[in-house]
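Here is a friendly walk through one structure, with sheets, helices and charged side chains as the stops along the way. Keep the viewer open and follow along.

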Amino acid sequence: MPCPALPDGFDFTDPDLLHHRVPHPEFAELRRAEPVRWIPQTGNAAGFQDEGYWAVTRHADVKYVSTHPEIFSSYLNTAIIRFNEHIQRDSIDAQRLILLNMDPPEHTRVRQIVQRGFTPRAVRALEGRLRERARAIAEGARAHDGPFDFVTQVACELPLQAIAELIGVPQDDRAKIFDWSNKMIAYDDPEYAITAEVGAISAAELISYAMNMAAERKRCPAHDIVSTLVAAENEGNLNSDEFGFFVLMLSVAGNETTRNAITHGMHAFLTHPEQWELYKAERPVTAAEEIVRWATPVVAFQRTATQDTELGGKLIRKGDRVGLFYASANHDPEVFDRPDLFDVTRDPNPHLGFGGGGPHFCLGKSLAVLEIDLIFNAVADALPGLTLVEDPRRLRSAWINGVKELRVSARP
């Protein structure tokens, strides 16, 4: 197998890289020549006091790692593939309380409780309210006479409202959730001037808010998901701490990721006008899944090997970190016909934008697909002539495919 032609020192988790682009050419090179490759890191770049990680780039290998939690742990080093170099180990370990960073059997216990909020019935109960909100968001954007930012005016609003509706956050408090979640994931972007300390404070404020909400529902239950999840701890429900960390995960996994999928989806439509015309005319139900594949808002998560094992012809040592590059897997030509083509009629579409299967498959997939479907139907109705004004301004991040600003115009 030929050696991949990558520059010396190339690191797929370098925040400066994702600030400018998703490295699809380099992913393609690894899939072709060395689908599991050791990526060295120096100077504690990722915060883990180690020497690097294994980059896993093929669809099949990402699925294998995802579905074998007994070999590849989320708990040991968390699922976040890169923190900053100054983070303390106790700050990393504290994140093990989040569902994303648990392993079975504890993960199984907590997930069985929280998935009560994501049953088909629970999601259907939100659909009518979210449909009206999506329509109002799109019609509000149509009122702009000049260019506006699609991220703040359209993409961010529905995911925030969906999570707030799900857990019963009062309307007056919803901006706080948005602000806290932004600060938690923006530590790599100097434009926001958000330090790791500010991010940690924001996380603590969000957890405290959720814990207070849980305590209030225990005192006075309501007909909402919070009451269902926390009403009786001794009957298999969440305690206040667990609920606090659950809301923290939702604020990022359910808010930030869906917002970025919507933004990338709009950019894809506006740079592939034939797809926008097709969507407006036919409204294919397959569109949301293709938008998620195309966007892949989480470029990568990680696992840590619990034992020596082999993957892609490489010996993975116990304790090695393994990067699951969903953005690469979602462009694997062994799985997708013409993967570099944005095609909203693509079917089947076995993308890994919601994870590679296994215990950590996205809990809120059905809600995210509903939100994407609702907002694009609303935009197609209210803003059919939307045009791109400027290229998107990307977030500087080690693992999120984020967009800070997308300037568009409602007037052709």
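## Charged pairs

In this predicted model, the side chains of Glu26 and Arg21 come together in a salt bridge, with N to O at 2.8 Å. The two partners can be compared by their accessibility. Glu26 has a relative accessible area of 13% and is buried, while Arg21, at 32%, counts as partly exposed. As background, side chains of opposite charge can pair when their charged atoms come close.

A search over the whole structure finds 28 salt bridges. Another of them links Asp61 with Arg58, whose closest N and O atoms are 3.1 Å apart. Asp61 is buried at 8% relative accessibility, and Arg58 is partly exposed at 24%. The cut-off helps here: Asp61 counts as buried because buried means under 20% relative accessible area.

A further salt bridge joins Arg219 and Glu216, with 2.6 Å from N to O. Both residues belong to helix 10 (residues 196–219), where they sit three residues apart, about one turn of the helix. Arg219 is exposed, at 62% relative accessibility, whereas Glu216 is partly exposed, with a relative accessible area of 33%. Elsewhere, salt bridges that share partners tie Arg129, Arg133, Glu165 and Arg174 into one network.

The three pairs can be set out as follows.

| Salt bridge | N to O distance |
|---|---|
| Glu26 and Arg21 | 2.8 Å |
| Asp61 and Arg58 | 3.1 Å |
| Arg219 and Glu216 | 2.6 Å |

## The five-stranded sheet

In what order do the five strands of the open sheet run? The order is 1-2-8-5-3, and the pairing is mixed. Strand 1 (36–40) and strand 3 (72–73) stand at the edges; each has a single partner strand, so one side of each is left without a neighbour in the sheet.

Strand 1 runs antiparallel to strand 2 (residues 52–56), and five bridges join them. Within this pairing, Ile39 has Tyr53 of strand 2 as its bridge partner, and Arg37 has Ala55 of strand 2. On to the next neighbour: strand 2 and strand 8 run parallel and are joined by four bridges. Here Tyr53 stands opposite Arg321 in strand 8. Tyr53 therefore appears in both pairings, as the bridge partner of Ile39 and opposite Arg321. 

How much of strand 2 is buried? Five of the five residues of strand 2 are buried, so this strand is largely enclosed by the rest of the structure.

## Helices around the sheet

Helix 3 (residues 59–66) lies across strand 1, strand 2, strand 3, strand 5 (300–305) and strand 8 (321–325), and runs at about 125° to strand 8. Asp61, the buried partner of Arg58, falls within the residue range of this helix.

Helix 2 (residues 24–33) has these buried residues: Glu26, Phe27, Glu29, Leu30, Arg31 and Ala33. Which elements cover them? The cover includes strand 1, strand 2, strand 8 and helix 15 (326–329). Glu26, on that buried list, is the residue that meets Arg21 in a salt bridge.

## A crossing of two helices

Two packed helices are described by the angle between their axes and the distance between the axes. For helix 8 (residues 157–167) and helix 16 (residues 365–382), the axes come within 10 Å and cross at roughly 135°. The two helices are therefore oblique to each other. Helix 8 passes helix 16 in a right-handed crossing.

Which residues meet at this crossing? From helix 8 come Leu158, Pro159, Ala162 and Ile163, and from helix 16 come Leu367, Glu371, Leu374 and Ile375.

## The three-stranded sheet

The structure also has an open sheet of three strands, in the order 4-12-9 and with antiparallel pairing. Its edge strands are strand 4 (148–149) and strand 9 (387–388), each of which pairs on one side only. Strand 9 and strand 12 (residues 407–409) run antiparallel and are joined by two bridges. Across that pairing, Thr387 stands opposite Ser409 in strand 12.

Methods:
Residues numbered from 1 in each chain as written. Predicted model: local features only at pLDDT ≥ 70, side-chain atom pairs only at ≥ 80, totals over all residues. Heavy atoms only, no water. Salt bridge = Lys/Arg side-chain N within 4 Å of Asp/Glu carboxyl O. Buried < 20%, exposed > 50% of the residue type's maximum accessible area, 1.4 Å probe, protein only. Pairing = 2+ DSSP bridges. Axes fitted to C-alpha atoms, helices over the stretch in contact; angles between N-to-C directions. Parallel < 35°, antiparallel > 145°, perpendicular 65-115°, else oblique. Left-handed = near helix turned anticlockwise from the far one by under 90°. Contact = heavy atoms within 4.5 Å.
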